[in-house]
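Please work through the exercises below with the sequence and the structure side by side, trying each task before reading its solution.

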Amino acid sequence: MDNDYSFDYKKHYSLIQKISRGEVVLFTGAGFSLTSQVRGKNILSTEELVNKIISELLEYEEETATRIKKNDFRKICQLAINKVTEEVFRDFLVKNFSYV
């Protein structure tokens with residue numbers, strides 16, 4: 001069976017119009033952006049973000065960091081917010097994702 005994946009403007013005109021009007025949402029799975037780059041920088045994975053939160057905001061030693069990493073992402077974020085305030089945490093996220 002030969003699959004033809006070529007783009008046919010006439011056949012896909014309706015889709016093109018919907019995309020141009022912002023009526024299409026792309027649903028992707030987990031890991032879709034892994035190894036992706038924006039403006040020459042890698043997008044942080046959840047693990048990389050957790051490591052940055054622990055080292056830069058929580059400033060935990062390695063033994064404590066290893067124990068903290070066993071928590072879910074939401075709890076790690078809440079620990080950081082409790083330590084540095086919501087505004088500082090938001091600024092941290094903006095700094096780390098402003099290039100995206």
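The exercises that follow concern helix packing, a nonpolar core and two loop residues in a predicted model.

**Exercise 1. Determine how α2 is oriented relative to α4, and describe the residues through which they meet.**

Begin with the geometry: the axes of α2 and α4 come within 10 Å and cross at roughly 25 degrees. Angles under 35 degrees count as roughly parallel, and α2 and α4 are therefore roughly parallel to each other. As for handedness, the crossing in which α2 passes α4 is left-handed.

Next, list the participants: from α2 come T46, L49, V50, I53, L57 and L58, and these meet F73, I76, C77, L79, A80, K83 and V84 of α4. Sorted by character, the residues of this contact between α2 and α4 comprise 11 nonpolar, 1 polar and 1 charged.

**Exercise 2. Carry out the analysis for α2 and α5, giving the orientation and the character of the contact.**

Helix α2 spans residues 46-58 and helix α5 spans residues 86-97; their axes come within 12 Å and cross at roughly 130 degrees. This angle lies outside the ranges for roughly parallel, roughly antiparallel and roughly perpendicular, and α2 and α5 are therefore oblique to each other. The crossing of α2 past α5 is right-handed.

On the α2 side the contact is made by L49, K52, I53, E56 and L57, while α5 contributes F89, F92, L93, K95, N96 and F97. The residues of the contact of α2 with α5 are 7 nonpolar, 1 polar and 3 charged.

**Exercise 3. Work out how α4 packs against α5.**

The axes of α4 and α5 lie 7 Å apart, and the packing angle is about 120 degrees, which makes α4 oblique to α5. Here C77, A80, I81 and V84 of α4 meet E86, V88 and F89 of α5. The residues of this contact between α4 and α5 consist of 6 nonpolar, no polar and 1 charged.

**Exercise 4. Identify which helices supply the largest nonpolar core, and place F89 and A65 in their surroundings.**

A general expectation comes before the details: in soluble globular proteins, nonpolar side chains tend to be buried together. In this model the largest nonpolar core has 15 residues, and those with the most contacts inside it are I53, I54, L57, A80 and F89. At least two residues of this core come from each of α2, α3 (62-68), α4 (73-84) and α5, with α2 giving the most, namely 6 residues.

Turning to F89, and leaving aside neighbours within four places in sequence, its contacts are I53, L57, C77, A80, I81 and V84.

A65 lies in helix α3, and because its relative accessibility is 8%, A65 counts as buried. Not counting residues up to four places away in sequence, A65 touches I54 and Y60. The C-alpha atoms of A65 and V50 are separated by 9.7 Å, these residues being 15 apart along the chain.

**Exercise 5. State what is notable in the phi angles of E59 and T85, and decide how exposed each residue is.**

Most residues other than glycine have a negative phi. E59, however, has a positive phi near 55 degrees without being a glycine, and T85, also not a glycine, has a positive phi of about 90 degrees.

For location, E59 is in the loop between α2 and α3, whereas T85 is in the loop between α4 and α5. With 55% relative accessibility, E59 counts as exposed, while T85, at a relative accessible area of 44%, is partly exposed.

Terms used:
Residues numbered from 1 in each chain as written. Predicted model: local features only at pLDDT ≥ 70, side-chain atom pairs only at ≥ 80, totals over all residues. Heavy atoms only, no water. Axes fitted to C-alpha atoms, helices over the stretch in contact; angles between N-to-C directions. Helix = DSSP H or I, 4+ residues; strand = E, 2+ residues; numbered from the N terminus. Parallel < 35°, antiparallel > 145°, perpendicular 65-115°, else oblique. Left-handed = near helix turned anticlockwise from the far one by under 90°. Contact = heavy atoms within 4.5 Å. Nonpolar A, V, L, I, M, F, W, Y, C, P; charged D, E, K, R; others polar. Core = buried A, V, L, I, M, F, W, Y, C linked by side-chain atoms within 4.5 Å. Buried < 20%, exposed > 50% of the residue type's maximum accessible area, 1.4 Å probe, protein only.
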